Every structure is written in C-alpha cells, then in structure tokens.
Amino acid sequence: MSKRKLARLLQTPAVLLLLVWMLVPLSMTLYFSFIRYVLNNLRRPEWTTPALSNWRGFGNYEFVLDAKDFWFAVQNSLFIVGSILFLTVTLGVLIAILINRAFPGRGIVRVLLISPFFVMPAVNAVLWINMILDPVLGLQGIAIGGINDLITLLKDAPLVGWFFSLWPTLEPISFRATQTSAYAVIIMVTWQWTPFAVLIFMTSLQSEDQQQKEAAVLDGAGAWSQFRFLTLPHLGRPIAIVVMIQAIFHLSLYAEIEIVSRGNGNKNLPYLIGEFANNNIGAASATGIFAVILANIVAIFLLRMIGKTLMD
Amino acid sequence: MGRIVLENVTKKFGDLEVIPPLNLTIEDGEFVVFVGPSGCGKSTLLRLIAGLEEVTSGRILIDGEDVTNIPPSKRGLAMVFQTYALYPHMSVRKNIAFPLRMAGMNEAEQNTRIEAAATALNLTDYLDRKPGQLSGGQRQRVAIGRAIVRDPTAFLFDEPLSNLDAALRVGMRLEISEMHKKLKTTMIYVTHDQVEAMTMADKIVVLQSGRVEQVGSPLDLYREPRNAFVAGFIGSPKMNFIDGEKAGTLGAHTIGVRPEHVQICPKGEGDVWQGKVGVAEHLGSDTFIHVHGIDGCDPMTVRAGGEVKINHGDTVYLSAQMDQIHKFDSEGHRVS
Ligand SMILES: Nc1ncnc2c1ncn2[C@@H]1O[C@H](COP(=O)(O)OP(=O)(O)O)[C@@H](O)[C@H]1O
Ligand SMILES: [Mg+2]
C-alpha cells in the first residue's frame, strides 16, 4: 500500500464522523420538512409519527411562506444581525485602537473589557432588561427620573429657570414594548460581543508593522489617512472573521428574544422555529431550511462586501 | 537644495545616551554614508534627521532652517527602510502614488511622475502587482520609487540593501550610485558594510557608540585613519595590528599594516616576519593568506596574487611597505 493510500485510509474515520455529524441532522431536517409531522393531533393520529406515507411535498414550505410572521421574522433577523455587526465592529475597532497604546492600568482595563463575554446570554438578557433598561426600576428609569427631578428643581431657579421651563418632561422608553424590543436585544448583544471584536482587533493591531506607519508619516499621511489606508486594510481579515462568526451566532439568537418580549414585535427565524415546534415539526423544519439558506446568503454577501471595501 | 547641519545633537532613550553631543555638516548634493558596527546609533541618527525621533537637545537645520521641532512630513525628506515598509494592501502604483496623493497632487501630474519613476526603476511591468508578489530587489525598487516621486530635498536610506542577496546588492549599489549622479540630490545612506560605504560615498562618517570617529572621503579614511577603530573598520580584509616589540622599535604602541601592503618574500631579502600558513583563501584574482605564529599579531592576513602557490603549513617570510605602516599610541590615536 502506498504511503498516500495509507494516509487516506487513516483519515477516513475522521472524515466519515464529520460527514455523519453534519449530514444526519441536516438530512433529518430536510426529511421532516417534506412530511406532515405534528406532535399532537386528535383527528389525524397518524401524523404524529414521522413516516413517508405522510408526504406533503412543498406543502410545509408554502405554509411557512404564508404564515403571517415569516417575512417579518426574516426581515427582523437581518435587522438585528446587521445592527449588531455594525455596532460591534465599529465599537470594536475604536476601543481596540484606544487601548492599543500603553497607559497605566492597561492590563486591568483589558480584563474588564473582556469580561462581558463570560456572561451567559440568558443572564445577560435578564440583567439588561430588568436592571438597566427597565423604565421604572432599571438604571434607565432611575436616570431619567433623576434628570426630570433635576429639571423640575431648576425650573424654579432664578435667572436660568425660564430656560429649563421650556424643557419637556422626559419619558423613559419601555424596551419590552412591541416597537422597541428589537433595540433592547441589539443593545444587550452588542454589549456582550463587542469584547470579542476588541480582543481580535487588538491582537491584529499588535502585529501591525510600525515601519509602514513611519513611512506613511514621512509620506505626509495624518492620523486619519494612516487609519484609513493602513490600519483599516490591515484589519480587513480580522473584521471578516468577526463578522462571519457573529453573523452565524446572531442569526440564531433565542434567549434574549424570549426573555425581553417573548417574541412580541421581535421575532427571528429561530424564534419562529421554536413557535412552530410547539406542535408542527414539519413547518419548523421547513423554517429551519429557510434559515440555512438565509445564513448562506448572508455569509456570501458579507464576505464579498468586506473583501471589496477593505482589501483593495 | 539639501544642506543638513546637526548642531550639538544628543539623543537619550531613558537614561541611555545613544548619541552624545554630535556636530556634522552634510553639503548639498553630497552622498554621505554613516557607517559603523551594529548598535552604534546609525539608525537613530538617521531617524533624528527624519524627525521620527525627537532630539534630546541640539538643533537640526535643513537649508539653514531650524527643523528641530518641525514634524517629519514637513521636512521634505524621503526615507527608504531596510524592510522596505511598502503598504501591503496597495498595488505598486498606489504605493508610489501614496505620497503624491497625501500631498493632494492632481491625477495627471501623479501619473506622469509615477510613469517616470517606474521607467527609471524598471518597474513598468509590475505597476499593478501587490508588494507580496515581488522579489526583494523589486520591492526595494518600489520603496525607492516612492521616495523619488516626491522630489525630496534629501534621501535617507537605512541599510536598504541588507535584506538582499549578495549579487543583487552589488547591482542595487550601482543603481543607487547612478541615481545620485543623475539626481544630484543629497543622500544620507546608513550601512554597517564598509564595502558599500567605500564604493558609494562622497563622504563617509564613521560612528562608534554614537560618536563620530572620523569624517572624510573614502580614500582619506583609507590612507589616513585617525585612530585604530577607523583603521580596522575601513578596508577589507581588515588591517593587521601588531603590538609589542616590533611596534616599539617604530615608536608606537601599536602599528597597523593592511594585508595589501604585506608581501611574501624570499628568506633574507628584507623579511620582517616569519610564520606558518593557516588558511589560504583563493579568490581567483587574489589570495588571502592567514599566517600564524607572528609575535603580536595572530593571524596576520596577507593579500597576494591570484596565482600564488601556497599551502597549509608552509613557512613564509613576510615584508611590509614601510611607508604604508600606520602608527597608533596606547589609546589608539594615530601618531605621525
Ligand atoms: N526606541 C528605543 N528605545 C531604547 N533604546 C533604543 C531605541 N532605539 C534604539 N535604541 C538603542 O540605541 C542604540 C543604537 O541603535 P540603532 O541606532 O538602531 O543602531 P544601528 O542602526 O547603528 O544598528 C542601540 O543600543 C539600541 O539598543
Ligand atoms: Mg540600524
């Protein structure tokens, strides 16, 4: 047996395991998406066991496409992921550049910055929605209450009172409401994932060639030009990595959405799958396949965009 | 124009004084080489002139104007780095265009200059490539191109050829020299290689621990080194230093004689030294013979003709051209 064949043979178990690992769940999802399969149906008990005889063709897909929340969930998935990506990358780059310089206490600042990443998503959501964003008891409520009290007080002050009496009373935002629950999710996930971006960008910044910077200084490049023409392209690859990894993670957000508003006004595809899966496994599977397609489109689109804008 | 004057310039990194007070004048259009062993402060000095490091004290003048507190980009100098420092994400064209773009030059003028530089440096076929797709020599050309297009008052080179292989180095050396003849712009060139210094310079500045040991034309330094350090540093192979009795008879602590001024002679015909051949390096044009067993100098290097027949272990008798002997006192200063 040639060396090459032996190597192939020895690789086989690993390759097979990986194939099974990935293909089995995907095939089962595909299979379920083409049959009628529900957990509970008194009139048609045969639908409660998966079988080829319950074949439904594209019926589940049609059902999902017609479901009232589907397109909203797709749109909302993209909105949430897009916003989080934009915010984490922007904040990540800015913070990474800020703490890349030497300053006293840098070690501690770095550890503190990374710490949100170690909080569990559900805990993160509970913390934010109850302790920070809550319009009455959270920091937001307290802060806005405080500002309102201060303005009321200043309205009676001599000289400047007339100015403050023009101010309205501020209303705290209720982040559990239909219109705002998506923003709450975006805020909390951004808070949690910015450290990840910072960490990756910081590592990359440290490998930036200092002589290139000096050459640019001599070439007359100011701070902005150095950032735009050297640092940003240098960060192109790490940004692509951060965007890809986060896109995959955030397309499947669930805990935050559940905890903030139980999906009121704020559903994404995974949440929709969860709702269908209460009974209709067939529809849930079809939605799952849509989610896979969406994830691929997003991935290809993002990679192209990053490659175009940063790498040239 | 490009007359650069350093007045009592010093540089400290923390408590470490890298450049003690230093005075130096570089005339307009001169090709000046800073040469010295690694870590002697050549790069630091160049970076001080460029403005990439701030002087601890002293003044730097360019064409009579005090630039000590002027930022690097306003000094009108262009620098070529040892590691090329090309912008990896930009094509060769964009790399060369970068300083022009930063200066806000219009597109048409930019293109004329880029074309001219590319033609002069044989880069026309590579303008659309990225630096990563070029060889070391081509990268260094791009770096030089980026410097030329700016039409600077002076060029600063920091060991630009150190990362190239020997053959390429010789070629690039010539190209840079020719470029200087053509442009007649002041050039300051840093190297640790005395051959580069000797072949390229109008004026060599020999540095040791940040001190200027001697300034002069290559032949001045070769003929009349001011001290033993310069004598040993300039010239290849290195000068032979002989101390002890022989030096004493000539009224010096140490005497120095270059390998090319020592000859092999028959016994009894004016021979001064006798020794055994260790290694003979045959270069074809020359033979460098390392002779052992000579009092006060071991081994002594002798430069002989290419065809000389000599083997390991042979006993040889050596004489020296007495008018080519350099005498140094116990501190290494030249005595004449
Ligand atoms: N940024 C710096 N901080 C501290 N010491 C430095 C720095 N740059 C250079 N040095 C020291 O200054 C001395 C001269 O360095 P350099 O100018 O790079 O030497 P050369 O170019 O002649 O090899 C060396 O001893 C080096 O360690
Ligand atoms: Mg150096």
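**Exercise 1. The turn at Ser209(B)**

Using its relative accessible area in this predicted model, classify Ser209(B) as buried, partly exposed or exposed.

*Solution.*
Step 1. The relative accessible area of Ser209(B) is 46%. The class of partly exposed residues lies between 20% and 50%, so Ser209(B) is partly exposed.
Step 2. In the chain, Ser209(B) belongs to the loop that links β9 (203-208) to β10 (211-216) of chain B.
Step 3. The backbone of Ser209(B) has a phi near 45°, a positive value in a residue that is not a glycine.
Step 4. β9(B) and β10(B) form a hairpin with two residues between them, and Ser209(B) is in its turn.

**Exercise 2. The surroundings of β9(B)**

Determine which strands pair with β9(B), and in what sense.

*Solution.*
Step 1. β10(B) pairs with β9(B) in the antiparallel sense, over five bridges. Within this pairing, Leu207(B) faces Val212(B) of β10(B).
Step 2. Strand β3 (residues 31-35) of chain B runs parallel to β9(B) and is joined to it by four bridges. Here Val33(B) is opposite Ile204(B) of β9(B).
Step 3. Burial can then be examined. Five of the six residues of β9(B) are buried, so this strand is largely enclosed by the rest of the structure.

**Exercise 3. Backbone features in other loops of chain B**

Locate the cis peptide bonds that precede Pro237(B) and Pro299(B), and describe the backbone at Asp63(B).

*Solution.*
Step 1. The bond between Ser236(B) and Pro237(B) is cis, with omega about -5°. Pro237(B) sits in the loop from α8 (228-233) to β11 (240-243) of chain B.
Step 2. Asp298(B) and Pro299(B) are likewise joined by a cis peptide bond, with omega near -5°. The loop concerned, between β15 (286-292) and β16 (300-305) of chain B, contains Pro299(B).
Step 3. Asp63(B) is not a glycine, yet its phi is positive, about 50°. Asp63(B) occupies the loop between β4 (57-62) and β5 (65-66) of chain B. With a relative accessible area of 32%, Asp63(B) is partly exposed.

**Exercise 4. Helix α1(A)**

Compare the expected span of helix α1 (residues 3-33) of chain A with the distance between its end C-alpha atoms, and find where the helix is kinked.

*Solution.*
Step 1. Helix α1(A) has 31 residues; at 1.5 Å a residue, the expected span is 45 Å.
Step 2. The end C-alpha atoms are 44 Å apart, which agrees with that expectation.
Step 3. A kink of about 40° is nevertheless present in α1(A) at Thr12(A), shortly before the proline Pro13(A).

**Exercise 5. An annotated region and a buried aspartate in chain A**

Describe the secondary structure of residues 74-302 of chain A, then characterise the setting of Asp134(A).

*Solution.*
Step 1. An unreviewed UniProt entry places the feature "domain: ABC transmembrane type-1" at residues 74-302 of chain A.
Step 2. Over these residues the chain is 73% helix and 0% strand, and the end C-alpha atoms are 17 Å apart.
Step 3. Asp134(A) is located in the loop between α5 (121-132) and α6 (139-155) of chain A. Its relative accessibility is 14%, so Asp134(A) counts as buried, the limit being under 20%.
Step 4. Leaving aside residues up to four places away in sequence, Asp134(A) touches Trp128(A), Ile129(A), Gln140(A), Gly141(A) and Arg176(A).
Step 5. Ser285(A) is 151 residues from Asp134(A) in sequence, and their C-alpha atoms are 35 Å apart in space.

Note on methods. Residues are numbered from 1 along each chain as its sequence is written. Chains are lettered from A and ligands numbered from 1 in the order in which they are written. This is a predicted model: local features need pLDDT of at least 70, side-chain atom pairs count only at pLDDT 80 or more; totals for chains, interfaces and linings use all residues. Side-chain values use heavy atoms; hydrogens and water are left out. Buried means under 20% relative accessible area, exposed over 50%, partly exposed in between (1.4 Å probe, protein chains only). Two strands pair if DSSP finds at least two bridges between them. UniProt positions are given in the numbering used here, feature names are shortened, and annotations may be inferred rather than shown by experiment. Contact means heavy atoms within 4.5 Å. The expected span of a helix is 1.5 Å times one less than its number of residues. The bend at a residue is the angle between axes fitted to the seven residues ending there and the seven starting there.
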